[in-house]
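Please look over the fold below and its local details. The report starts with backbone features, then moves to sheets, helices and cores.

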Amino acid sequence: MTAKLIKGTEIREEILKEIEQEVKDIKAKHGKVPGLVTILVGSNPASVSYVTLKIQTAERLGFHEIQDNQPETISEADLLALIEKYNRDESINGILVQLPLPKHIDEKKVINAIDPDKDVDGFHPVNVGRLMIGGSELKFPPCTPAGIQEMIMRAGIETKGAEVVVVGRSNIVGKPIANLMLQKGPGANSTVTIAHTATRDLASHCKRADILIVAAGVPGLVKPEWIKPGACVIDVGVNRVGEKKSEKTGKMVAILRGDVDFDAAKEIAGFITPVPGGVGPMTITMLMKNTLKSLKFKLGIA
Ligand code: NAD
C-alpha cells in the first residue's frame, strides 16, 4: 500500500484563502480587520525567521500588523508593561510573544500577562482550561494541535470512536492535541492514549492506533512495523539530521526528518504527513485563524 499524503502546504493555501475572504467580508460589513502584534525580543535567527513569516502571512491576509522588536536587554518589567499596552489597544486582537525569551525573563509571567482574549497562541492557563472544558468554552486552541486536527478533518478521516495514540506530552503539542481529539464534536470524539518517555512497550500502543500522532522530537522513533495497516500517521517531529546544498540557491540547508521512518511507513499507512511540508505549514495558518476568531468574538459574530 502507498499512503495518501496529507500535505500541509496545500491545506494551508485552502485555509488562507478562506481567511482572506472572511477578512474582506468583515471589513465590508463591520469596517474592522484583525489586528496582530508580534513581539520579538533579541535577534535569535530562528525566531527572526518565524516572526518574519508570521508578519508576511498577516500582511497577505489584509490584517493590521504591528511588528514590535525589542532588544535582548529589555527588562522583564518593561516587557510586561509593553504587553499591558497591547492588552488595552482596541486595534489589536492577537498578541504573539515569540518564544524562547532571554534567560533573565520569566516566560510564564509573560504568557500569564497576556489578556486571555488576545492570547492567540492559546498558551495562557485560562485558554488551557477552556481547551480542557471544550465545546463553546474553547476559544484559542494552540496552533500546532489545531492544525493537526484541521488536517485530519480535511483529509476526511473518521475520528469518532477512533483509537488515537499521541506520542509526546508537551504542553504545546502532545497534551493539547490529545485534549482536542477527545472532545465531543466533529474531528474528535476519539479514544485517546498519550504515550511518553515512561511508557512501557511504546510499540504495542502505536500498533493499536487508527490515528497515530507523533510529537517526540526523536528522528525515526516510530518503526514501520508499529503502524497498523491503513492507519493515519501524523508526524509532528522536525529534526535536523544534517546539511545539504540547496539545488535552487546553492546554499547549505538543513536536512529535516520526522519522528517516523517515512519511506517505510508510507507503504503501510493509509494516510501520512511528510516532513517537511506536513504539519509545519499549519502552525502559522492556525495563528491567523485564531487572530480572526478573536476579532469575531469581539464583534459577537464567532
Ligand atoms: P518536547 O521535547 O517538549 O516533548 C517531546 C515529548 O516526547 C515529551 O513529552 C517526551 O515524553 C516524549 N518523548 C521523547 N522521546 C520519547 C520516546 N523515546 N518515547 C516516547 N516518548 C518520547 O517537544 P515538542 O515541543 O512537543 O515537539 C516535538 C517535536 O515536534 C519536535 O521535533 C518539534 O520540533 C516538533 N514540532 C513541530 C511543530 C510544527 O511543525 N509546527 C511545532 C511544534 C513542535
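## Cis prolines

Proline 100 sits in the loop between β4 and α4 (107–113). The model is predicted. In it, leucine 99 and proline 100 are joined by a cis peptide bond, with omega about 0°.

A second cis bond runs from valine 275 to proline 276, again with omega near 0°. Proline 276 belongs to the loop between β11 (271–272) and α10. In general, most peptide bonds are trans, and most residues other than glycine have a negative phi.

## Positive phi

Asparagine 189 is not a glycine, yet its phi is positive, about 60°. This residue is in the loop between α7 and β6. Is asparagine 189 buried or partly exposed? Its relative accessibility is 29%, so asparagine 189 counts as partly exposed.

Aspartate 201 also has a positive phi, near 55°, and is a residue other than glycine. Its place is the loop between β6 and α8 (202–208).

## The three-stranded sheet

Three strands form an open sheet in the order β3-β2-β4, with parallel pairing. Which strands stand at the edges? They are β3 (64–70) and β4 (94–97). Each has a single partner strand, so one side of each lacks a neighbour in the sheet. From one strand to the next, the twist averages 15°.

Strand β2 (residues 35–41) and β3 run parallel and are joined by 7 bridges. One pairing links isoleucine 39 to its bridge partner in β3, aspartate 68. Helix α2 (residues 45–60) packs on this sheet and touches β2, β3 and β4. The direction of α2 makes about 165° with that of β2. Helix α3 (residues 76–88) also lies across β2, β3 and β4. Its run is at about 175° to β2.

## Strands β5 to β8

β5 pairs with strand β6 (residues 191–195) through 5 bridges, and the two run parallel. Here valine 165 has threonine 193 of β6 as its bridge partner. The chain passes from β5 through α7 to β6. This β-α-β crossover is right-handed.

β5 is also joined to β7, by 4 bridges and in parallel. Valine 166 has isoleucine 213 of β7 as its bridge partner. β7 in turn runs parallel to β8, with 4 bridges between them. There, isoleucine 213 has isoleucine 234 of β8 as its bridge partner.

In a regular strand, side chains alternate between the two faces of the sheet. β7 is covered on both faces. Ile211 and Ile213 are buried on one side, and Leu212 and Val214 are buried on the other.

## A loop residue and a helix residue

Leucine 221 lies in the loop between β7 and β8. Its C-alpha atom is separated by 5.2 Å from that of aspartate 259, although the two residues are 38 residues apart along the chain. Beyond four places in sequence, leucine 221 touches Val167, Leu202, Ala216, Trp226 and Asp259.

Asparagine 127 is part of helix α5 (residues 125–133). With 1% relative accessibility, asparagine 127 counts as buried, because the cut-off is under 20%. Leaving aside neighbours within four places in sequence, its contacts are Pro116, Asp119, Gly122, Lys139 and Phe140.

## Nonpolar cores

Nonpolar side chains tend to be buried together in soluble globular proteins. In this model, the largest nonpolar core has 44 residues. Ile19, Ile148, Ile213, Ile234 and Met288 have the most contacts inside it. Elements that give two or more residues to this core include α1 (8–30), α6 (143–154), β5 (163–167), β8 (232–235) and α10 (282–299). Which element gives the most? α10 does, with 7 residues.

Apart from this core lies another, of 19 residues. Ala3, Leu202, Val214 and Val233 are among them.

Methionine 288 touches Ile19, Leu36, Lys54, Thr57, Ala58, Leu61 and Phe63, not counting residues up to four places away in sequence.

## Where α6 meets α10

The axes of α6 and α10 come within 8 Å and cross at roughly 100°. α6 is therefore roughly perpendicular to α10. From α6, the contact residues include Cys143, Ala146, Gly147 and Met151. From α10, they include Met282, Met286, Leu287 and Asn290.

Terms used. Residues numbered from 1 in each chain as written. Predicted model: local features only at pLDDT ≥ 70, side-chain atom pairs only at ≥ 80, totals over all residues. Heavy atoms only, no water. Core = buried A, V, L, I, M, F, W, Y, C linked by side-chain atoms within 4.5 Å. Buried < 20%, exposed > 50% of the residue type's maximum accessible area, 1.4 Å probe, protein only. Contact = heavy atoms within 4.5 Å. Pairing = 2+ DSSP bridges. Axes fitted to C-alpha atoms, helices over the stretch in contact; angles between N-to-C directions. Right-handed = clockwise from strand over helix to strand, strands pointing away. Parallel < 35°, antiparallel > 145°, perpendicular 65-115°, else oblique.
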